[in-house]
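Open the model in your viewer and keep the selection tool at hand. This tour moves from stop to stop, and each stop tells you what to select next.

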Amino acid sequence: ALVQGRVTARVLVGITGKVERIDRIEGPLVFHKAVEQAAWQWQFAPAVQNDKMVRVWVSLPFVFALE
């Protein structure tokens with residue numbers, strides 16, 4: 001298909017550092033499924049606010065390029 005582009009997923013990272021929810025995916029539709037599958041596999045260090053772990057929304061950028 002020779003499609004390339006940038007895709008961004010907005011995800012909610014929980015207090016354990018795991019992705020709890022994917023709110024939206026923006027970019028070429030052909031990449032949405034791959035981005036969703038990849039986003040669920042990401043692991044983060046938990047966010048901390050006032051010495052407490054908190055949930056936080058994060059934007060994950062993905063770039064698909066032809067080589």
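**Stop 1: a chain of charges**

Select aspartate 23 and arginine 24: their side chains meet in a salt bridge, at 3.4 Å from N to O. Keep in mind that this is a predicted model.

Keep arginine 24 and add glutamate 26. These two also form a salt bridge, and their closest N and O atoms are 3.0 Å apart.

Now go back to aspartate 23 and add arginine 10. Here is another salt bridge, with the closest N and O atoms 2.8 Å apart. Arginine 10 belongs to strand 1 and aspartate 23 to strand 2, so this pair ties together parts that are 13 residues apart in sequence.

Which residues are linked in the network of salt bridges? Select Arg10, Arg21, Asp23, Arg24 and Glu26 together to see it. The structure as a whole holds five salt bridges.

Switch on the surface for a moment. How open are these side chains?

- Arginine 10 has a relative accessible area of 25%, so it counts as partly exposed.
- Aspartate 23 is partly exposed, at 31%.
- Arginine 24 is partly exposed, at 40%.
- Glutamate 26 is partly exposed, at 45%.

**Stop 2: the sheet**

Hide the side chains and show the cartoon. In what order do the three strands of the open sheet stand? The order is 2-1-5, and the pairing is antiparallel. Strand 2 and strand 5 (residues 56-64) are the edges: each has a single partner strand, so one side of each has no neighbour in the sheet. From one strand to the next, the twist averages 25°.

A general point helps here. Strands of a sheet pair through backbone hydrogen bonds, either parallel or antiparallel.

Select strand 1 and strand 2. They pair in the antiparallel sense over six bridges. Look for two pairs of residues that face each other across these strands. Arginine 10 stands opposite arginine 24 of strand 2. Valine 11 stands opposite isoleucine 22, also in strand 2.

Now select strand 1 and strand 5. How many bridges join them? There are nine, again in the antiparallel sense. Pick threonine 8 as an example: its bridge partner in strand 5 is proline 61.

**Stop 3: the hairpin and its loop**

Follow strand 1 (5-13) into the loop that leads to strand 2 (19-26). The hairpin of these two strands has five residues between the strands. Click on glycine 17 there: glycine 17 takes a positive phi near 95°.

Isoleucine 15 sits in this loop too. Is isoleucine 15 buried or exposed? The answer lies between the two: isoleucine 15 is partly exposed, with a relative accessible area of 43%.

Add Val48 and Met53 to your selection. With Ile15 they form a nonpolar patch on the surface. Together the three have about 290 Å² of accessible area.

**Stop 4: the start of strand 1**

Select glycine 5, which lies in strand 1. Then add phenylalanine 31. The two are 26 residues apart in sequence, yet their C-alpha atoms are 8.8 Å apart in space.

What else touches glycine 5? Leave aside its neighbours within four places in sequence. Its contacts are then Pro28, Phe31, Phe62, Val63 and Phe64.

**Stop 5: the helix across the strands**

Last, select helix 1, residues 32-41. Helix 1 lies across strand 1, strand 2 and strand 5. It runs at about 155° to strand 2.

Zoom in on histidine 32, which lies in helix 1. Is histidine 32 buried or exposed? Histidine 32 is buried: its relative accessible area is 18%, and buried means under 20%.

Show what surrounds histidine 32. Beyond its neighbours within four places in sequence, histidine 32 is in contact with Ile25, Glu26 and Gly27. You have met Glu26 before, in the network of salt bridges.

Key: Residues are numbered from 1 along each chain as its sequence is written. This is a predicted model: local features need pLDDT of at least 70, side-chain atom pairs count only at pLDDT 80 or more; totals for chains, interfaces and linings use all residues. Side-chain values use heavy atoms; hydrogens and water are left out. Patches are made of residues with over 30% relative accessible area and no salt bridge: like charges are joined within 9 Å, nonpolar side chains (Val, Leu, Ile, Met, Phe, Trp, Tyr) within 5 Å. Accessible areas come from the Shrake-Rupley method with a 1.4 Å probe; for residues, only the protein chains shown count as cover. A salt bridge is a side-chain nitrogen of Lys or Arg within 4 Å of a carboxyl oxygen of Asp or Glu. Helices (H or I, at least four residues) and strands (E, at least two) are DSSP runs, numbered from the N terminus. Buried means under 20% relative accessible area, exposed over 50%, partly exposed in between (1.4 Å probe, protein chains only). Two strands pair if DSSP finds at least two bridges between them. Axes are lines fitted to C-alpha atoms, for helices over the stretch in contact, and angles run from 0 to 180 degrees between N-to-C directions. Contact means heavy atoms within 4.5 Å.
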